[in-house]
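This report goes through the salt bridges, the core and a few single residues of one protein chain. The sequence and the structure come first.

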Amino acid sequence: MFADLLRRMAAPAPDRMPDADARLALGALLVRLARADGRYEPIEKQRIEAVLCHRYGLTDAADLRQQCEELESQAPDTVRFTRAIKDAVDYDHRLSVIEAMWQIVLADGERDAQEDSIMRMVAPMLGVTDQDSNAIRRRIEAQA
């Protein structure tokens, strides 16, 4: 099911993804981030579903999250995920991708070194500065 999407993500110059593929790529990146600390907590699953529902106007994202989990387990490195998302998401929406990622990192109340490492790698690859990423993180921490 995911073979075509994975092939396109691995292409040297990927085409812009259809919305359905962009959903899967973003969701899989969120799953990868949530799993980075070796624990995939129920609160992180709930937060991923909430992000997907909010971002894509869904009422339930449990099935989509499960598809994202499967894609994440089969997918190439995080760099390709990020490149695919950057190619699929307009610049104006990249900050909301970083926001979604910070929501997942902070969902369990702990910041893990692996999660921080992914955030430091992914934000610049999406064209988001460390300052903007940190400002988003601080805003989410203040809301918690």
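Which residue forms a salt bridge with Arg 139, and how far apart are the closest N and O atoms? The partner is Glu 99, and the closest N and O atoms are 3.2 Å apart. Arg 139 belongs to helix H8 (residues 130-143) and Glu 99 to helix H6, so this salt bridge ties together parts that are 40 residues apart in sequence. The coordinates are those of a predicted model.

## Salt bridges between helices

The whole structure contains 12 salt bridges. In the pair just described, both residues are partly exposed: Arg 139 has a relative accessible area of 38%, and Glu 99 has a relative accessibility of 24%. Glu 99 is counted as partly exposed rather than buried because its value is not under the 20% that defines a buried residue.

A second salt bridge joins the side chains of Arg 35 and Glu 72, at 2.5 Å from N to O. This pair links distant parts of the chain, with Arg 35 in helix H2 (residues 19-35) and Glu 72 in helix H4 (residues 62-74), 37 residues apart. Arg 35 is partly exposed, at 30% relative accessible area, whereas Glu 72 is buried, at 11%. Arg 35 also lies over the face of Tyr 40, 5.0 Å from the ring centre.

## A network in the loops

Which residues are linked with Arg 39 in a network of salt bridges? The network contains Asp 37, Arg 39, Glu 41, Asp 108 and Glu 110. Within it, the side chains of Arg 39 and Asp 108 meet at 3.7 Å, N to O. Arg 39 is in the loop between H2 and helix H3 (42-56), and Asp 108 is in the loop between helix H6 (91-105) and helix H7 (113-125), so their salt bridge ties together parts 69 residues apart in sequence. Arg 39 is partly exposed, with a relative accessible area of 33%.

Gly 109 also has its place in the loop between H6 and H7. With a relative accessibility of 65%, Gly 109 counts as exposed. Its C-alpha atom is 8.8 Å from that of Ala 144, although the two residues are 35 residues apart along the chain. Ala 144 is in the segment after H8 and is exposed, at 89% relative accessibility. Between the C-alpha atoms of Ala 144 and Ala 113, which are 31 residues apart along the chain, the separation is 20 Å.

## Helix H3

H3 consists of 15 residues and spans 21 Å from its first C-alpha to its last, close to the 21 Å expected at 1.5 Å a residue. Its buried residues are Glu 44, Ile 48, Glu 49, Val 51, Leu 52 and Cys 53. These buried residues pack against H2, H4, H6 and H7. Just after the helix, Gly 57 has a positive phi of about 65°.

## The nonpolar core

The largest nonpolar core has 44 residues, and those that touch the most other members are Leu 30, Ile 48, Ile 85, Ile 98, Met 101 and Trp 102. Two or more residues of this core come from each of H2, H3, H4, helix H5 (78-88), H6, H7 and H8. H2 gives the largest share, 10 residues.

Trp 102 has contacts beyond its neighbours within four places in sequence, namely with Arg 111, Asp 116, Met 119, Ser 133, Ile 136, Arg 137 and Ile 140. One of these, Arg 137, places its charged end over the ring of Trp 102, 5.9 Å from the ring centre. How many aromatic pairs does a search of the whole structure find? The number is 0.

## Cys 68

Is Cys 68 buried or exposed? Cys 68 is buried, with a relative accessibility of 0%. This residue is in helix H4. Leaving aside neighbours within four places in sequence, Cys 68 is in contact with Arg 23, Leu 24, Gly 27, Ala 28, Val 31 and Leu 52. Leu 52 is also one of the buried residues of H3. The C-alpha atoms of Cys 68 and Phe 2 are 10.0 Å apart, with 66 residues as their separation along the chain.

Note on methods. Residues are numbered from 1 along each chain as its sequence is written. This is a predicted model: local features need pLDDT of at least 70, side-chain atom pairs count only at pLDDT 80 or more; totals for chains, interfaces and linings use all residues. Side-chain values use heavy atoms; hydrogens and water are left out. A salt bridge is a side-chain nitrogen of Lys or Arg within 4 Å of a carboxyl oxygen of Asp or Glu. Helices (H or I, at least four residues) and strands (E, at least two) are DSSP runs, numbered from the N terminus. Buried means under 20% relative accessible area, exposed over 50%, partly exposed in between (1.4 Å probe, protein chains only). The expected span of a helix is 1.5 Å times one less than its number of residues. Contact means heavy atoms within 4.5 Å. A nonpolar core is a set of buried Ala, Val, Leu, Ile, Met, Phe, Trp, Tyr and Cys residues joined through side-chain atoms within 4.5 Å. Rings of Phe, Tyr and Trp (its six-membered ring) pair if their centres lie within 6.5 Å; planes under 30 degrees apart count as stacked, over 60 as edge-to-face and the rest as tilted. A charge sits over a ring if NZ of Lys or CZ of Arg is within 6 Å of the ring centre and within 35 degrees of the ring normal.
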